[in-house]
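Please have the sequence and the model open side by side. This report walks through charge pairs, packing and backbone details, then the chain as a whole.

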Amino acid sequence: MKSQAFFRTILGPVGSGKTTGCIFELLRRAIEQAPAPDGVRYTRFAIVRQTLKQLKDTVLKDIEQWLEGICKYKVTDNTIYIEFGDVRSEWLLIPLENPEDVRRLLSMQLTGAWMSESIEMDPGVVPGLSGRCGRYPNAKMGGCTWHGVIADTNFPTEGSDWHRLFELETPSEWQIFKQPGGLDDDAENLDWLTQTPETMKLPLGHPDRRAQGRKYYQRLSEGNSPDWVERYVHARYGNDPSGSAVFRTTFKRGFHLGHNLTPIDGYPLIISQDFGRNPCALIGQLDHRGRLLVFEELASTDMGLELHIQRALRPALWDKRFIGRSVYLIGDPAGRQRSTSYEETSFDLLKRNGFSCYPAPTNDIDKRIRAVEALLLQQEDGGPMLIIDEDRCPMLVRALSGMYRYAKKRSGELNVLPDKTHPWSDLADALQYMCLAVHGGLTDYVARRMTMQGSVPQVAPVGAAAWT
């Protein structure tokens with residue numbers, strides 16, 4: 001309720017109080033509305049759900065229970081009228097069962113809207129719904145004190161449009177709030193679920209009262225499928241029916257991301273480079289605590305490696321954060337192959353451009369993925385061993401959050417190889433080469449050479465045995 005975002009949504013398990021919170025948010029906005037010239041506070045809200053039956057069976061009953069005495073439901077209008085003091089608020093129940101319902105919704109003059117169980121609806125309705133908010137009361141009546149959209153929902157499946165909007169491509173005017181799972185230590189609303197007359201006498205937060213409420217989720221966990229329990233009890237994204245994110249169980253946005261990361265003095269920068277017609281690079285560093293820091297992503301499209309170096313990599317290294325620091329590059333081992341048209345390899349080209357570079361120890365996809373997962377799973381004093389700058393690596397974050405994925409075959413089985421889709425797979429490949437260097441000991445090998453030579457080493461043929 002403190003958020004000023006235009007679109008706010010709360011995700012959580014069943015029974016966590018989401019609907020009740022939304023009811024009182026609309027009531028609060030109705031009370032806060034500035035009076036019109038006649039002294040009355042007018043507001044109009046649309047409450048949207050997939051079917052009218054769902055609206056009547058859940059939302060309407062909860063509103064009538066909580067707002068008894070100040071609300072009246074008119075069946076012919078499918079509208080709840082809230083009247084007390086100088087407040088006059090209309091809450092319209094709008095299903096989205098057919099195109100006529102959608103047209104009705106998109107022709108309304110509203111103060112705001114509430115999307116109940118939003119993942120049951122097509123997210124394509126959000127822009128049109130948003131455009132109807134802020135139109136009532138009109139300027140002659142004093143205008144809207146507040147307007148916007150609120151939503152509540154359980155967690156969707158990975159790969160769905162709602163998952164994309166909540167995690168990967170969240171619009172700037174949106175803010176997402178997530179409740180703990182029902183079996184988590186800090187689960188919400190336990191003081192009010194399945195209570196007995198005896199536990200109701202206990203103070204709020206009492207261990208016995210919370211334990212009684214937790215039985216609600218324990219019972220749900222025993223009687224439903226694992227996928228259902230994951231979404232509706234544990235409050236986590238469900239399995240993607242169209243595929244599976246490669247790092248879905250190991251990458252945690254709240255744990256592995258940082259902001260405004262800066263290099264540590266005295267330690268070289270690591271550039272990991274993926275080749276091809278869409279060359280992508282990451283700039284990182286292994287710090288004094290053994291953590292891998294990823295500072296910046298560089299994704300190029302439809303250009304050769306030399307142009308990528310000139311337009312992306314070299315300008316990035318001239319940034320004040322990086323300039324003057326020692327640098328070495330880890331590349332796709334396939335870059336050692338000579339072109340059919342030119343004698344020069346990708347590593348020859350890098351050397352000609354002044355880079356000291358090494359091929360990653362392997363191109364085996366299983367070993368590459370395991371190298372990333374090994375760092376994702378490690379901790380140092382309770383903190384992550386792999387930290388990615390969320391602000392400067394947005395596409396890499398989206399790749400790890402779900403865009404880098406295994407697709408499903410027609411048989412329903414997952415492909416053994418992740419999809420090769422630019423830029424997600426290319427940036428993920430670059431991260432794999434960097435993690436191979438760290439996890440496989442290549443960084444130690446380079447450090448020894450730097451100590452011996454007093455500088456970053458020149459390109460030299462290095463066998464995998466040197467760091468494995």
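Glu32 is partly exposed in this predicted model, with a relative accessible area of 39%. Its salt-bridge partner is Arg29, and the closest N and O atoms are 3.5 Å apart. Arg29 is buried, at a relative accessible area of 9%. Both residues lie in helix α1 (residues 18-32). They sit 3 residues apart, about one turn of the helix. The pair also belongs to a network of salt bridges that links Arg8, Glu25, Arg28, Arg29 and Glu32.

Side chains of opposite charge can pair when their charged atoms come close. A search of the whole structure finds 28 salt bridges. Three of them are set out here.

| Acidic residue | Basic residue | N to O distance |
|---|---|---|
| Glu32 | Arg29 | 3.5 Å |
| Asp302 | Arg277 | 3.5 Å |
| Asp287 | Arg291 | 2.8 Å |

What does the pair Asp302 and Arg277 tie together? Asp302 lies in the loop between β13 and α9 (305-317), and Arg277 in the loop between β11 (269-274) and β12, so the salt bridge connects parts that are 25 residues apart in sequence. Both Asp302 and Arg277 are exposed. For Asp302, the relative accessible area is 56%.

Are Asp287 and Arg291 buried or exposed? Asp287 is buried, with a relative accessible area of 3%. Arg291 is buried as well, at 17%. Buried here means under 20% relative accessible area, so Arg291 falls within that class.

**Packing**

The largest nonpolar core holds 41 residues. Phe247, Val294, Ile330, Ile388 and Leu396 touch the most other members. Several elements supply at least two residues each: the strands β12 (280-286), β13 (292-299), β14 (327-331) and β18 (386-389), and the helices α11 (365-377), α12 (394-403) and α13 (424-439). Helix α13 gives the largest share of this core, 11 residues.

Which residues does Ile388 contact, leaving aside its neighbours within four places in sequence? They are Phe251, His256, Leu257, Gly258, Leu261, Val294, Cys393, Leu396, Val397 and Leu400. A second, separate core has 28 residues. Leu92, Leu105, Leu129 and Cys133 are among them.

Ala245 shows how positions far apart in sequence come together. This residue is found in strand β9 (residues 243-245). Ala245 is buried, with a relative accessible area of 3%. Beyond residues up to four places away in sequence, Ala245 touches Glu158, Gly402, Tyr404 and Arg405. Ala245 and Tyr406 are 161 residues apart in sequence, but 6.3 Å apart in space, C-alpha to C-alpha.

**Backbone details**

Most residues other than glycine have a negative phi, and most peptide bonds are trans. Some positions in this chain depart from that pattern.

The peptide bond from Tyr136 to Pro137 is cis, with omega near 0°. Pro137 lies in the loop between α4 (125-132) and β7 (148-153). Another cis peptide bond joins His422 and Pro423, where omega is about 5°. Pro423 belongs to the loop between β19 (405-407) and α13. Helix α13 is the element that leads in the largest core.

Thr194 is not a glycine, yet has a positive phi of about 45°. Thr194 sits in the loop between β8 (174-178) and α6 (207-222). At 30% relative accessibility, Thr194 counts as partly exposed. Asp302, the salt-bridge partner of Arg277, also has a positive phi, of about 55°, although it is not a glycine.

**The chain as a whole**

The chain has 468 residues, and 52% of them count as buried. Its secondary structure comes to 14 helices and 19 strands. The C-alpha atoms fill a box of roughly 85 × 55 × 50 Å along the principal axes.

How much of the contact set with a separation of 6 or more comes from residues 24 or more positions apart? The share is 67%. The exposed surface is about 22000 Å², and carbon and sulfur atoms supply 50% of it. The chain carries 56 positive and 59 negative side chains. The centres of these two sets lie 1 Å apart.

Conventions. Residues are numbered from 1 along each chain as its sequence is written. This is a predicted model: local features need pLDDT of at least 70, side-chain atom pairs count only at pLDDT 80 or more; totals for chains, interfaces and linings use all residues. Side-chain values use heavy atoms; hydrogens and water are left out. Helices (H or I, at least four residues) and strands (E, at least two) are DSSP runs, numbered from the N terminus. Buried means under 20% relative accessible area, exposed over 50%, partly exposed in between (1.4 Å probe, protein chains only). Contact means heavy atoms within 4.5 Å. Accessible areas come from the Shrake-Rupley method with a 1.4 Å probe; for residues, only the protein chains shown count as cover. Lys and Arg count as positive and Asp and Glu as negative; His and the chain ends are not counted. The place of a charge is taken as NZ of Lys, CZ of Arg, CG of Asp or CD of Glu. A nonpolar core is a set of buried Ala, Val, Leu, Ile, Met, Phe, Trp, Tyr and Cys residues joined through side-chain atoms within 4.5 Å. A salt bridge is a side-chain nitrogen of Lys or Arg within 4 Å of a carboxyl oxygen of Asp or Glu.
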